[in-house]
Amino acid sequence: MELARKLKQKSLHEYLLFMYQVEDIIRACKFEQAYIAKVVMDRFGSVAEDAEADLAWFLAMSALMKEEKVEQRGHLQHVVNLVNDLHQLHLRLIRAPEELEYQKLYHGCASLEADLRLRGGQEENIVSLFLTAIYGVWLLGLKKVAVSNETRQAVEQMSSMLALL
């Protein structure tokens, strides 16, 4: 899918959030091709020439989810690998003396990480934790649930840190 390709080139954390959405959409469609086709057309506004390619991409993701046995929960292995790669980059940057901008953002997010963990965040690493939190807030927005200014600011902080990876 062209959108996924562009996001992956532009920003890995935005691509990962998109892939979380794709996985949830496929699950919501119960892996049924007709439902997936309708959602692809409705949600992503595929134009006629891209519609077949977009649907084929979604169906390939659906098949991959079944193959990797993540029909109920979890993420595709390539998504997990990218999260882990970003986490490894994060670990290098917080130790690199020349990466002061990133370190400043990271230290500003330390209390957010602690707070998310206190609230039950069980993700293995900070990148996964922040992606899950950002995605959760985005889902709340879809449900028209009000989020506080503090939460919006926290999402901005986490996104700023992830954007540098």
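## Salt bridges and the largest pocket

R27 and D24 sit 3 residues apart in helix 2 (residues 12-28), so about one helical turn separates them. Their side chains meet in a salt bridge, at 3.4 Å from N to O. The model is predicted. It holds 6 salt bridges in total. Three of these pairs are described below, followed by the largest pocket.

**The R27–D24 pair**

- R27 has a relative accessibility of 16%, so it counts as buried, the cut-off being under 20%.
- D24 is partly exposed, and its relative accessible area is 31%.
- Side chains of opposite charge can pair when their charged atoms come close.

**The E2–R5 pair**

- A salt bridge joins the side chains of E2 and R5, with 2.3 Å from N to O.
- Both residues belong to helix 1 (residues 2-10). Because they are 3 residues apart there, about one helical turn lies between E2 and R5.
- E2 is partly exposed, at 36% relative accessibility.
- R5 is also partly exposed, with a relative accessible area of 40%.

**The K10–E14 pair**

- K10 and E14 form a salt bridge. Their closest N and O atoms are 3.2 Å apart.
- K10 has a relative accessible area of 63%, so it counts as exposed, the cut-off being over 50%.
- E14 is partly exposed, at a relative accessible area of 29%.

**The largest pocket: size and centre**

- The volume of the largest pocket is about 350 Å³.
- Its lining is made up of 16 residues.
- Nearest the centre of the largest pocket lie D115, L116, R119, T151 and A154.

**The largest pocket: where the lining comes from**

- Three helices each give at least two residues to the lining: helix 6 (100-118), helix 7 (126-142) and helix 8 (149-163).
- Helix 8 supplies the largest share of the lining, with 5 residues.

**The largest pocket: chemistry of the lining**

- Of the residues lining the largest pocket, 8 are nonpolar.
- The others divide into 4 polar and 4 charged residues.

Methods. Residues are numbered from 1 along each chain as its sequence is written. This is a predicted model: local features need pLDDT of at least 70, side-chain atom pairs count only at pLDDT 80 or more; totals for chains, interfaces and linings use all residues. Side-chain values use heavy atoms; hydrogens and water are left out. A salt bridge is a side-chain nitrogen of Lys or Arg within 4 Å of a carboxyl oxygen of Asp or Glu. Helices (H or I, at least four residues) and strands (E, at least two) are DSSP runs, numbered from the N terminus. Buried means under 20% relative accessible area, exposed over 50%, partly exposed in between (1.4 Å probe, protein chains only). On a 1 Å grid over the protein atoms alone, a cavity is a set of points where a 1.4 Å probe fits but cannot get out, and a pocket is an open set with protein on both sides within 12 Å along at least five of seven lines; lining residues have an atom within 4 Å of a point. Grid points are joined across faces, edges and corners, and a volume is the space filled by probe spheres set on the points. Ala, Val, Leu, Ile, Met, Phe, Trp, Tyr, Cys and Pro count as nonpolar, Asp, Glu, Lys and Arg as charged, and the others, Gly among them, as polar.
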